[in-house]
Amino acid sequence: MTAERQRGFVLLEAALAAACLLCICAAAVPAATGLQQYHYKAQVRLAADILAADIRQLQQETMFSSVKVGKTLYVSSDKQSYSIYLSGKNSPLCKKVTFVELGCTDVYFSQQLQSISFYFNGSSKSSGSIVLKHKQLKGFYCKLSLQPVTGRVTVTEYDG
């Protein structure tokens, strides 16, 4: 007589498989937290790079404009967006950028200049720094520095 083959799992095998899955999940949780931190830092970097590019473009448009009308960048009161106006806040709006539209929902201005504009030779009318932070990160921020004479914009990361 042939012995009938047993189908299915034994309780011990199922318990071992569940224990293995539990160990794998326990190892994945810290890795996911690190990945989330990396994602938040990438959001701050993206917002800083786009802001720096807009400031540089603002400088170039002021220098090489055939019509001698400058543009000015203002940070909004909610500290999560900025706008570029043609020569002043009461003038027509040229561009509005919100961090939420960029996918950077918790990025905000921690420190900002009142306004940013340039003379027609490219030098900035104001100098100082802008600091961008993320609400979920402690100690990490990007600092944009605007040089007074050259109008050069630099982006520096700090992770403290």
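User: Which backbone oxygen lies 3.0 Å from a polar atom of the side chain of Ser-126?

Analyst: A polar contact is a pair of N or O atoms within 3.5 Å, where, within protein, one must be able to donate a hydrogen and the other to accept it, and residues adjacent in sequence count only if both atoms are side-chain atoms. Here the partner is the backbone oxygen of Ser-115. This is a predicted model, in which local features need pLDDT of at least 70 and side-chain atom pairs count only at pLDDT 80 or more, while totals for chains, interfaces and linings use all residues. Residues are numbered from 1 along each chain as its sequence is written, and side-chain values use heavy atoms, with hydrogens and water left out.

User: What else is Ser-126 in contact with, leaving aside its neighbours within four places in sequence?

Analyst: Contact means heavy atoms within 4.5 Å, and by that rule the partners of Ser-126 include Leu-113, Ile-116 and Leu-146.

User: How should I read a nonpolar core, and which residues have the most contacts inside the largest one?

Analyst: In soluble globular proteins, nonpolar side chains tend to be buried together. A nonpolar core is a set of buried Ala, Val, Leu, Ile, Met, Phe, Trp, Tyr and Cys residues joined through side-chain atoms within 4.5 Å, where buried means under 20% relative accessible area (1.4 Å probe, protein chains only). In this model the largest such core has 28 residues, and Leu-51, Ile-55, Ile-116, Leu-132 and Leu-144 have the most contacts inside it. Leu-132, for its part, touches residues including Val-44, Leu-51, Phe-99 and Leu-144, when residues up to four places away in sequence are not counted.

Conventions: Buried means under 20% relative accessible area, exposed over 50%, partly exposed in between (1.4 Å probe, protein chains only).
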